[in-house]
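Let's take a walk through this structure together, one piece at a time. Have the 3D view handy as you read.

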Amino acid sequence: MVLIVKNPATGEVVGEVKKHSEAEIMEALENGHDAFGQWSKVNAHERARLLRNWSRLIQENIGEVAEIMTRENGKPLKESVGEVHYATAYIDWFAEEALRVYGRTIPAHTESKRIIVNRQPIGLVAAITPWNFPAAMMTRKAAPALAAGCTFIVKPAEETPLTMMKLVELAQEAGIPKDVLQVVNGEGPVVGKLFTESKHVRKITFTGSTPVGKQLIKESADTVKHVTMELGGHAPVIVAEDADIDFAVEQTMLSKFRNAGQTCVCANRILVHENVVDEFSEKLAAAAGRLTVGNGLDEQTDIGPIINKKGYEKITAHVQDAIDKGAEVLVGHQYDANDEKEYYFVYPTVLKNIDERMTIMHEETFGPIAPITSFKTIEEAVEIANDTAYGLAAYFFTNDYRVGTYLHENLNFGIIGWNDGATSAAHAPFGGMKESGLGREGGTEGIEPYLETKYVSIGNL
Ligand code: NAP
């Protein structure tokens, strides 16, 4: 059985990968479990050295990796290059963090005792990742797992296995043993069940949609596995009356249109103070209208294709629903889709007069659509922004420190950009509140989910 990978910009076949059978996946889990004994005993400096080697090899092959990514995911080549840098930043960061997994000694309550706290790797980790960041969503899980001394097995999204397979090939070239870092291909629900039912897997780490995340949490309950969940988002952008409008537009463009709006942290609701909403909307529409839509391999492309028909249909339904309920189109609302050739392009679209009745205000759109609504008071803006089950990223623009302090203290989101539309960094904790997830990736927090705490009480001294 094979899995056919197609370029979403053209529908052309770009590769075929072997689809693993259940027996092969079970064997891989067995091998990952067996390899844990040895890998967990390798000293941290050596694990760090191997991670650094891996990062270096990816960087040496950045052109090839980025091109594979653009061919299977569709994102512009410049964004693929950016993602490879972002992906290796996680490996570099966690190579350093491997050296800082400290235990502690606690003063005992009697002279005859010693109390020691050790941190040890959790065991075999199983990961499932999405198609929108084929490299970085894997390295920000694999790097801390390997740094901690865990072994790791990952299933990429069916749309984008090639980038990850290249990364795993480079890991082996870098000296990371093959059973320590493995990739298996297959259908999400099938592989997911094998992972969650396996007694060898001690942790499930998932990035993807909230419904699948909930399913994996339920499935992990029977064997009481640790879980990290990086799930969906519905990011608000709040533009206060005093904001620097040009800067707010520039940063909103970064948040909204990267990867054609197919990111979990992308702006999904733009709330602008009523006194500046016209100026902001016109400037955003003008900037969006300047973006070039096309094949990611073309140098001038800013907006690549939508990943598949399902994604395209969701986007067009959100736009139509908003228009039917009174939204005004400032730019866009233009499509280039071909069912036969299997490509789907959506032109950057800015919609005004958005209100609460519209689906786009509540559901993740995952496309290059910028819906704008207005508010009168900052308290009202916070109320609208928090009125969602999601809690991943939120952005706001103000130069008034009182307004900014009120906003960052009252917005219920795990990531806040204050005058910043591009917040992600390997050295900062990434993750969501509410139904956007459990746990954090990156930063000093990012290695914690791969470690167990063991308390040792030594008596009779
Ligand atoms: P998805 O449908 O949840 O798929 C993600 C991964 O889960 C794929 O590998 C998929 O495999 C697998 N999968 C599907 N059903 C499964 C099941 N029942 N059990 C186990 N695995 C299963 O998500 P998507 O639409 O591809 O990705 C976009 C979503 O990811 C958005 O909601 C976005 O916000 C979220 N995301 C979150 C973050 C974050 O850090 N919070 C980052 C990026 C994306 P197949 O390919 O075989 O279906």
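Before we start, a cut-off: a residue is called buried when its relative accessible area is under 20%. Keep in mind, too, that this is a predicted model.

Let's begin with Thr 210, which sits in helix H8, the stretch covering residues 210–220. Thr 210 has a relative accessibility of 6%, so it counts as buried. What does Thr 210 touch, if we leave aside its neighbours within four places in sequence? Its contacts are Leu 231, Gly 232, Tyr 390 and Glu 435.

Now on to a strand, S15, made of residues 349–352. In a regular strand, side chains take turns pointing to the two faces of the sheet. Here both faces of S15 are covered: Thr 349 and Leu 351 are buried on one side, and Val 350 and Lys 352 are buried on the other. S15 pairs with S12 (residues 328–331) in the antiparallel sense, over three bridges, and Glu 328 stands opposite Lys 352 there. S15 is also joined by three bridges to S16 (residues 369–375), this time running parallel, with Leu 351 opposite Pro 371.

Last stop: helices H12 (residues 378–386) and H13 (residues 401–410). They pack at an angle of about 25°, with their axes 11 Å apart. Angles under 35 degrees count as roughly parallel, and H12 and H13 are therefore roughly parallel to each other. Their crossing is right-handed. From H12, Ile 378, Glu 379, Val 382 and Asn 386 meet Val 403, Tyr 406, Leu 407 and Asn 410 of H13. The residues of this contact divide into five nonpolar, two polar and one charged.

Notes: Residues are numbered from 1 along each chain as its sequence is written. This is a predicted model: local features need pLDDT of at least 70, side-chain atom pairs count only at pLDDT 80 or more; totals for chains, interfaces and linings use all residues. Side-chain values use heavy atoms; hydrogens and water are left out. Axes are lines fitted to C-alpha atoms, for helices over the stretch in contact, and angles run from 0 to 180 degrees between N-to-C directions. Helices (H or I, at least four residues) and strands (E, at least two) are DSSP runs, numbered from the N terminus. Angles under 35 degrees count as roughly parallel, over 145 as roughly antiparallel, 65 to 115 as roughly perpendicular and the rest as oblique. A crossing is left-handed if the near helix is turned anticlockwise from the far one by less than a right angle, and right-handed if clockwise. Contact means heavy atoms within 4.5 Å. Ala, Val, Leu, Ile, Met, Phe, Trp, Tyr, Cys and Pro count as nonpolar, Asp, Glu, Lys and Arg as charged, and the others, Gly among them, as polar. Buried means under 20% relative accessible area, exposed over 50%, partly exposed in between (1.4 Å probe, protein chains only). Two strands pair if DSSP finds at least two bridges between them.
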